[in-house]
Amino acid sequence: MHDYHAVHALVERLTGELDPAELEAVARVRIRAGAAFSPEALMQAYEMLTLATPLEGSRLVVEGSTDRAECPTCGHAWAVTDDDLAGHWLACPSCGALCEFGTGAGLEVVGITSAGSAEPTGSDPGASGESQLHGR
């Protein structure tokens, strides 16, 4: 449910910030999500929540981000993985102590692209046939 609610807030934000013409042109929304999120659950929620909206048919692309934590008990610092998570708690891989997971609580929009631009010519190796609408 955490993933569903985060995507619901994302869709609300997009539909509130983009004008109707921009919404209909959206082909892909790229986000960055921490270890607390399941990319598959995020993409499934996006597909469900965008049905019958101007965003229907667009695709959610999820990039992982590295969340870091430090154990308040033993001081061990590490990059958080989904194996470390127990709900909103982290289990320290060094001593096993539970600590609150305060980072990674939201989704970061990395970019929104449209499919309305010209096809790539092949002369520009970075050309994708997409234009950037907003880089939030």
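Q: What helices and strands make up this chain?
A: The chain contains 3 helices and 9 strands. Both are DSSP runs, numbered from the N terminus: helices are H or I and at least four residues, strands are E and at least two. Going along the sequence, you meet them in the pattern α-α-β-α-β-β-β-β-β-β-β-β.

Q: How do you know which parts of the model to use?
A: This is a predicted model, where local features need pLDDT of at least 70 and side-chain atom pairs count only at pLDDT 80 or more, while totals for chains, interfaces and linings use all residues. Residues are numbered from 1 along each chain as its sequence is written, and side-chain values use heavy atoms, with hydrogens and water left out.

Q: What share of the chain is called buried?
A: Of the 136 residues, 33% count as buried. A residue earns that label at under 20% relative accessible area; over 50% is exposed, and in between is partly exposed (1.4 Å probe, protein chains only).

Q: Why is A52 called exposed?
A: A52 has a relative accessible area of 74%, which is past the cut-off for exposed, so the label fits. A52 is in the loop between helix 3 and strand 2 (59–64). There's another thing to spot here: phi of A52 is near 60°, a positive value in a residue other than glycine.

Q: Why do R59 and G106 get an in-between label?
A: R59 has 46% relative accessibility, so it counts as partly exposed. G106, at 43%, counts as partly exposed too. R59 is in strand 2, while G106 is in the loop between strand 7 and strand 8.

Q: What does R59 touch, leaving aside neighbours within four places in sequence?
A: Contact means heavy atoms within 4.5 Å. By that test, R59 touches A27, R28, V29 and Y46. From C-alpha to C-alpha, R59 and Y46 are 8.0 Å apart, with their positions 13 residues apart in sequence.

Q: What does G106 touch, again leaving aside neighbours within four places?
A: G106 is in contact with R32 and F37. G106 and G34 are 72 residues apart in sequence, yet their C-alpha atoms are 8.0 Å apart in space.

Q: What makes a set of residues a nonpolar core?
A: The members must be buried Ala, Val, Leu, Ile, Met, Phe, Trp, Tyr or Cys residues, joined through side-chain atoms within 4.5 Å. The largest such core here has 21 residues, and V7, V29, I31, L42 and L107 touch the most other members. Helix 1 (2–17), strand 1 (26–33), helix 3 (39–49) and strand 8 (108–114) each supply at least two residues. Helix 1 gives the most, with 5 residues. A second, separate core has 11 residues, including C71, W78, V80 and L85. In soluble globular proteins, nonpolar side chains tend to be buried together.

Q: Which residues does L42 touch, not counting those up to four places away in sequence?
A: L42 touches D3, V7, I31, A33, F37, L60, V62 and L107.

Q: How do you know what span to expect for helix 1?
A: You take 1.5 Å times one less than the number of residues. For the 16 residues of helix 1 that gives 22 Å, and the end C-alpha atoms are 23 Å apart, which agrees.

Q: Why do we say the buried residues of helix 1 line one face?
A: The buried ones are D3, A6, V7, L10, V11 and L14. Seen down the axis, they fall within an arc of 135°, so they line one face of the helix. That arc is taken from the directions from the helix axis to the C-beta atoms. These residues pack against helix 2 (20–25), strand 1, helix 3, strand 2 and strand 8.

Q: What makes two strands a pair, and which partners does strand 1 have?
A: Two strands pair if DSSP finds at least two bridges between them. Strand 1 is joined to strand 8 by 6 bridges, running antiparallel, and R30 stands opposite G111 in strand 8. Strand 1 is also joined to strand 2 by 6 bridges, this time running parallel, with I31 opposite V62.

Q: Why are strand 5 and strand 7 called edge strands?
A: They belong to an open sheet of 3 strands with the order 5-6-7 and antiparallel pairing. Strand 5 (85–86) and strand 7 (98–100) each pair on one side only. Strand 6 (residues 89–91) pairs with strand 7 over 3 bridges, and A91 has L98 as its bridge partner.
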